[in-house]
Amino acid sequence: MDYIKKADGKSAKESRIYHVDSIYEGDELNQRFLQLKANVCDINPAFVKKCITGMEQDFILLMEKAQDYIRQHFLDDEEKLLCMLQECVFGYYVIAPLIEDKAVSDIKVLSWDHIVIKANGERYVSDITFFD
């Protein structure tokens with residue numbers, strides 16, 4: 001049997017980073033999103049739960065509340081913020097780009113700021129993190 005070493009046996013000092021583009025990039029936009037989320041979703045979590053499990057009218061009411069808040073405070077980023085909120089409440093939040101990436105086969109969320117993925121047969125640390 002011919003055994004050929006694939007590595008030199010030394011551990012890597014740092015993990016390789018896997019980058020995907022995300023709508024949650026950008027510090028100023030993230031701060032605006034967190035304010036929106038705090039004032040629309042976090043104030044009344046029972047309403048958000050009802051919106052997820054309820055009728056279409058509940059969803060429309062939630063998005064109208066978000067739209068009103070955005071128009072009062074951040075009119076210039078309305079479309080982006082509404083998209084971020086919709087992904088937060090009804091989607092996979094910050095890990096959505098990893099799920100949609102065809103190269104990614106495994107996603108392990110080890111902590112809010114440490115997400116390990118397997119892409120193209122190799123392990124990476126993602127540069128995507130949750131806010132807290």
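This is a short tour of salt bridges in a predicted model.

Before you start, note that residues are numbered from 1 along each chain as its sequence is written. In this predicted model, local features need pLDDT of at least 70, side-chain atom pairs count only at pLDDT 80 or more, totals for chains, interfaces and linings use all residues, and side-chain values use heavy atoms, with hydrogens and water left out.

**Stop 1: Arg32 and Asp76.** The structure holds seven salt bridges. A salt bridge is a side-chain nitrogen of Lys or Arg within 4 Å of a carboxyl oxygen of Asp or Glu. Select Asp76 and Arg32, a bridged pair whose closest N and O atoms are 3.0 Å apart. This pair links distant parts of the chain, 44 residues apart: Arg32 is in helix H1 (residues 27-42), and Asp76 is in the loop between helix H3 (56-73) and helix H4 (78-90). Helices (H or I, at least four residues) are DSSP runs, numbered from the N terminus.

Buried or exposed: which word fits Asp76? Asp76 is exposed, at 61% relative accessible area. Arg32 counts as buried, at 16%. Buried means under 20% relative accessible area, exposed over 50%, and partly exposed in between (1.4 Å probe, protein chains only).

**Stop 2: Arg32 and Asp77.** Keep Arg32 and add Asp77. Their side chains meet in a salt bridge, 2.5 Å from N to O. This pair also links distant parts of the chain, 45 residues apart. Both Arg32 and Asp77 are buried.

**Stop 3: Glu78 and Arg71.** Now select Glu78 and Arg71. They form a salt bridge, with the closest N and O atoms 3.3 Å apart. Glu78 is buried, at 16%. Arg71 is partly exposed, at 47%.

**Last stop: the network.** Select Glu28, Arg32, Asp76 and Asp77 together. Salt bridges with shared partners join these residues into one network.

Terms used:
Helix = DSSP H or I, 4+ residues; strand = E, 2+ residues; numbered from the N terminus.
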